[in-house]
Amino acid sequence: MLVTAVDIIGDADPDRAGEVALFAGNWVADQPPADSLYDGDLVVRLTHPTDPTYPLPRDHATDVEMLLAYQRRWQRVGQWRGLDDGWPSLVAPTAAAVMGLHGDATEAAIWSETPPPSTSPPLIKWARGGIAELLDAGLVTAGEELVWNRGNLGVRHTARIRVDGTLILADGRVFANPCGTTTALGGNHQNGWNAFRRVSDGRTLGDLRAELRARRGK
């Protein structure tokens with residue numbers, strides 16, 4: 001399962017702080033590759049319990065493994081064994097923490113690697129979030145506007161694609177990938193590839209990423 005959104009209730013509601021308000025994802029047939037195009041994706045993999053000592057029957061039990069695409073590898077960030085049908089509520093806090101930490105690291109990388117304003121604009125696409133690869137493939141162009149409509153909150157966020165593959169928000173903040181962008185904007189943690197849509201045709205960045213993957217598979 002590709003995790004798309006996690007929301008843990010915070011201290012604003014002390015009676016429910018720490019509860020899982022949202023844990024959403026898309027079931028995928030194949031695990032995406034851990035290349036730069038998929039950097040920051042979080043996957044939850046479910047399997048039947050492998051421990052031979054686990055009591056039978058095992059039909060309603062599962063082993064859960066959580067993997068993050070980081071530095072071109074799927075890195076394990078969590079593992080739980082023998083969980084029942086309530087596994088989402090147990091693994092969601094870890095998913096939220098991982099997505100938040102990855103978003104923070106992405107933002108820190110931007111500020112540490114972005115040249116001072118006095119220098120010439122960089123033409124090297126160094127961003128690790130994969131939009132640079134969409135630019136190279138001609139699936140997006142620099143300057144295109146993206147939108148994230150959060151209908152339940154009545155909020156609309158806009159961003160533009162820069163020539164180096166980063167995203168710049170209306171307030172001037174810059175992020176290396178879509179997931180870092182949505183994590184910074186939202187009270188919950190979102191997979192930005194599914195959240196942001198291109199204004200010109202309504203396609204999500206995830207749709208464009210899937211098209212590029214299909215091209216490479218030919």
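pLDDT is the predictor's confidence in each residue, on a scale from 0 to 100, and since this is a predicted model, colouring by that score is a sensible opening view. The protein averages a pLDDT of 80, and 82% of the residues score at least 70.

**The whole chain**

With the full protein displayed as a cartoon, one can trace five helices and eleven strands. Of the 218 residues in the protein, 44% are buried, and the accessible surface comes to about 11300 Å², with 52% of that area belonging to carbon and sulfur atoms. Among contacts with a separation of 6 or more, 52% are between residues 24 or more positions apart.

Keep the confidence colouring on while selecting residues 114–128, where pLDDT stays under 50 and for which the model has 23 contacts beyond four places in sequence. Then compare two elements: helix 1, at residues 87–113, has the lowest mean pLDDT among the elements of the protein, at 74, whereas strand 11, at residues 197–198, has the highest, at 96.

**Strand 1 and its two partners**

Select strand 1, residues 2–8, which is mostly covered, five of its seven residues being buried. Adding strand 2, residues 20–26, brings in an antiparallel partner joined to strand 1 by six bridges; within this pairing, Ile-8 has Val-20 as its bridge partner. Now add strand 10, residues 189–190, which pairs with strand 1 over two bridges, again in the antiparallel sense, and here Ala-5 is matched with Gln-190.

**Val-98 in helix 1**

Move next to helix 1 and pick out Val-98, which has a relative accessible area of 13% and is therefore buried, the cut-off being under 20%. Which residues is Val-98 in contact with, leaving aside its neighbours within four places in sequence? Showing side chains around Val-98 should bring up Leu-42, Leu-68 and Val-77. A distance drawn from the C-alpha of Val-98 to that of Met-66 reads 9.9 Å, for two residues that are 32 apart in sequence.

**The five-stranded sheet**

Select strands 6, 7, 8, 9 and 11 together: these five strands form an open sheet in the order 9-8-7-6-11, with antiparallel pairing. Strand 9 and strand 11 stand at the edges with a single partner strand each, so one side of each is left without a neighbour in the sheet. At the strand 11 end, strand 6 (residues 145–150) is joined to strand 11 by two bridges, and Val-147 can be found opposite Arg-197 there.

**Helix 3 across the sheet**

With the sheet still displayed, add helix 3, which lies across strand 6, strand 7 (155–161), strand 8 (167–169) and strand 9, and runs at about 20 degrees to strand 8. Helix 3 is mostly covered, with seven of its eight residues buried; the buried residues are Pro-178, Cys-179, Gly-180, Thr-181, Thr-182, Thr-183 and Leu-185.

Centre the view on Asn-177, which lies in the loop between strand 9 (174–175) and helix 3 (178–185). Is Asn-177 buried or exposed? Its relative accessible area is 1%, and because buried means under 20%, Asn-177 counts as buried. At the start of helix 3, a side-chain oxygen of Asn-177 comes to within 3.2 Å of the backbone nitrogen of Cys-179.

Asn-177 takes part in a further polar contact, this time through its backbone oxygen, which the side chain of Thr-181 reaches at 2.9 Å. Thr-181 is itself in helix 3 and, at 0% relative accessibility, is buried. Not counting residues up to four places away in sequence, Thr-181 touches Leu-167, Leu-169, Phe-175 and Phe-196.

**Thr-204, ahead of helix 5**

The last stop is Thr-204, in the loop between strand 11 and helix 5 (205–217), where a relative accessibility of 7% places the residue among the buried ones. Beyond its neighbours within four places in sequence, Thr-204 is in contact with Trp-193, Asn-194, Phe-196 and Arg-197. Two of these names have appeared before: Phe-196 is touched by Thr-181, and Arg-197 stands opposite Val-147 in the pairing of strand 6 with strand 11. To finish, draw the C-alpha distance between Thr-204 and Trp-193, which is 6.6 Å for residues eleven apart along the chain.

Conventions
Residues are numbered from 1 along each chain as its sequence is written. Side-chain values use heavy atoms; hydrogens and water are left out. Helices (H or I, at least four residues) and strands (E, at least two) are DSSP runs, numbered from the N terminus. Buried means under 20% relative accessible area, exposed over 50%, partly exposed in between (1.4 Å probe, protein chains only). Contact means heavy atoms within 4.5 Å. A polar contact is a pair of N or O atoms within 3.5 Å; within protein, one must be able to donate a hydrogen and the other to accept it, and residues adjacent in sequence count only if both atoms are side-chain atoms. Two strands pair if DSSP finds at least two bridges between them. Axes are lines fitted to C-alpha atoms, for helices over the stretch in contact, and angles run from 0 to 180 degrees between N-to-C directions. Accessible areas come from the Shrake-Rupley method with a 1.4 Å probe; for residues, only the protein chains shown count as cover.
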